[in-house]
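Visitor: I should be grateful for a close look at one part of this molecule, namely a place where two helices pack together. Please also explain how that part sits within the whole.

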Amino acid sequence: MLPNSVMADDDPRRIDHIMAEVKKMVNVEGVRAVALNQIREAEDGDPFAILIGTILSQRTRDEVTVKATARLFNRYRNPAELARADEKAVSVLIKPVTYYGTKAESIIEVARQIVDRFGGSVPTKMDDLLTLPLVGRKTANCVLVYGFGIPAIPVDTHVHRISNRLDIVNTRTPEQTEIELARVLPQRYWLEINDLFVRFGQTTCRPVGPRCGVCLLRDDCRYYREVVLGKELSRHGSPTDKPWPSRTRSGWPRDIDRSR
Ligand code: SF4
């Protein structure tokens, strides 16, 4: 039993509905692929590029990660080449990735260990991946999903936040979210939940100022019910006390319609 964690709702039909609505919202023109899918496409699905790209992506914007990974793999094509690389040269190539100096040292060490301990191939087991420098559960799960197509659940801040807002889980940490999602999310969604929720989190269910006014999931959303509507009620009183504020063309009170 997880501490401080209560399963919110494990009705599979509700999860099917949520995943279908998120797909509708993100599979539209203008929504960019997540960084790891851009890297996977650029580097022909190379799991080593996914591993290094995921390490570079830690606390770094997608556009910066994608460009830095492309520059690095243009020069060093595989673990053997990167293992022999000069640290200063690597840090110049990956700059301005956050902590580029530390990351340069670490990715060279990752490459060395892959050559020395795993015969030059990225390991496919979680326990082995976790022995590499700067590789935690999120990074290891990203390698499994984006690098090998092995079902796993990479939980970053978007997946953690959105799963809680939508009442799929009720957890405090990404680690708890991964455990709960593994319990309630049908495995057919494991390969795509990170991609879908990251794009949904970047475009609609943003950390600050979520665009609830254009979201198809308001009726399923605990955050919308408790936080957004809660604020409106405390500001305007209950609908029986006072009239709602004037409505926008989308049918939502102007104050609630964050998209405007
Ligand atoms: S209603 Fe708002 S908070 Fe809820 S999922 Fe949609 S955008 Fe996110």
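Guide: The following account begins with the chain as a whole, turns to one pair of helices, and ends with the ligand. The model is a predicted one. Its chain contains 13 helices and 0 strands, and the pattern along the sequence is accordingly written α-α-α-α-α-α-α-α-α-α-α-α-α. Of the 260 residues in the chain, 35% are buried. Contacts between residues at least 6 apart in sequence may also be considered: 61% of them join residues at least 24 apart.

We now come to the pair itself. Two packed helices are described by the angle between their axes and the distance between the axes. Here the helices are α2, which spans residues 35-42, and α3, which spans residues 47-57. Their axes come within 10 Å of each other and cross at roughly 145 degrees. The crossing of α2 and α3 is right-handed. On the side of α2, the residues that take part are Ala35, Leu36, Ile39 and Arg40. They meet Ala49, Ile50, Gly53, Thr54 and Ser57, which belong to α3. Sorted by class, the residues of this contact between α2 and α3 comprise 5 nonpolar, 3 polar and 1 charged.

Elsewhere, the ligand has a shell of its own, formed by 13 residues. The closest of these are Cys205, Pro210, Cys212, Cys215 and Cys221. By class, the shell around the ligand consists of 9 nonpolar, 1 polar and 3 charged residues.

Conventions. Residues numbered from 1 in each chain as written. Predicted model: local features only at pLDDT ≥ 70, side-chain atom pairs only at ≥ 80, totals over all residues. Near = placed C-beta within 6 Å. Nonpolar A, V, L, I, M, F, W, Y, C, P; charged D, E, K, R; others polar. Helix = DSSP H or I, 4+ residues; strand = E, 2+ residues; numbered from the N terminus. Buried ≥ 20, exposed ≤ 12 C-beta atoms within 10 Å, placed from the backbone. Contact = placed C-beta atoms within 7 Å. Axes fitted to C-alpha atoms, helices over the stretch in contact; angles between N-to-C directions. Left-handed = near helix turned anticlockwise from the far one by under 90°.
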